[in-house]
Amino acid sequence: GIFDAIVKQNPDYAEGWNRRAYVYLTQNKVQQALGDIRRVLALDPNHFKALDGLVHVLKEIGQKKGALAAVKKLLEVHPYWEGAQAIHDELAREVEGQAL
């Protein structure tokens, strides 16, 4: 697709990787999306849309500790991101509950 060409021609363009990750998510290609999200965050650790995507993907696949770490980073970067505090609170309860 078009985003394959964009990331091939501009491998340092974080938003190209982020858009392709979104397309992968719409196609339920979770591992490919995760790979692209990690590439975005390697290029731009404060990319709040990629952080948000990472939170949701990790939460969906049951990696709650990773999702909690990602949402903490998201809240550092963008403290008022819609829904992030609620997700943080939910994950914190679940992760702490698992540790007991």
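**Salt bridges, core and pocket in a predicted model**

Let me begin with a pair of side chains: Glu90 and Lys59 form a salt bridge, in which the closest N and O atoms are 3.2 Å apart. Glu90 belongs to helix H6, residues 84-99, and Lys59 to helix H4, residues 48-60, so this pair ties together parts that are 31 residues apart in sequence. I should say at once that the model is a predicted one. As for the surroundings of the two partners, Glu90 is partly exposed, at 26% relative accessibility, and Lys59, with a relative accessible area of 29%, is partly exposed as well.

A second pair also involves helix H6. The side chains of Lys64 and Glu94 meet in a salt bridge, with 2.9 Å from N to O; Lys64 lies in helix H5, residues 64-77, and Glu94 in helix H6, so here the parts being tied together are 30 residues apart in sequence. Lys64 counts as partly exposed at 26% relative accessibility, and Glu94 is partly exposed with a relative accessible area of 28%.

How far apart are the closest N and O atoms of Arg19 and Glu15? In this salt bridge they are 2.8 Å apart, and the two residues, being 4 residues apart in helix H2, which covers residues 14-26, are separated by about one helical turn. Arg19 is partly exposed, at 43% relative accessibility, whereas Glu15 is buried: its relative accessible area is 18%, and the cut-off for buried is under 20%.

Beyond these pairs, there is a network of salt bridges that links Asp4, Arg20 and Asp36, and the count for the model comes to 5 salt bridges. As general background, side chains of opposite charge can pair when their charged atoms come close.

Now to the interior. The largest nonpolar core has 26 residues, and those with the most contacts inside it are Ile37, Leu41, Leu54, Leu68, Val71 and Leu91. Which helices each supply at least two residues of this core? They are H2, helix H3, which spans 30-43, and then H4, H5 and H6. Leu91 brings us back to the salt bridges, since, leaving aside its neighbours within four places in sequence, Leu91 is in contact with Lys59, Lys64, Ala67, Leu68 and Val71. Two of the residues in that list, then, are Lys59, the partner of Glu90, and Lys64, the partner of Glu94.

Turning to the pocket, the largest one holds about 210 Å³ of space. Its lining is made up of 13 residues, and the closest to the pocket centre are Asn18, Tyr22, Leu25, Lys49 and Gly53. The elements giving two or more residues to this lining are H2 and H4, with the largest share, 7 residues, coming from H4. By class, the lining of the largest pocket has 7 nonpolar, 3 polar and 3 charged residues.

I will finish with a loop residue. Pro45 lies in the loop between H3 and H4 and counts as partly exposed, at 47% relative accessibility. Apart from its neighbours within four places in sequence, Pro45 is in contact with Leu51 and Lys73. The C-alpha atoms of Pro45 and Gln85, which are 40 residues apart along the chain, are separated by 19 Å.

How values were computed. Residues numbered from 1 in each chain as written. Predicted model: local features only at pLDDT ≥ 70, side-chain atom pairs only at ≥ 80, totals over all residues. Heavy atoms only, no water. Salt bridge = Lys/Arg side-chain N within 4 Å of Asp/Glu carboxyl O. Buried < 20%, exposed > 50% of the residue type's maximum accessible area, 1.4 Å probe, protein only. 1 Å grid on protein atoms, 1.4 Å probe; cavity = no way out; pocket = protein on both sides within 12 Å on 5 of 7 lines; lining within 4 Å. Points joined across faces, edges and corners; volume = space filled by probe spheres on them. Nonpolar A, V, L, I, M, F, W, Y, C, P; charged D, E, K, R; others polar. Core = buried A, V, L, I, M, F, W, Y, C linked by side-chain atoms within 4.5 Å. Contact = heavy atoms within 4.5 Å.
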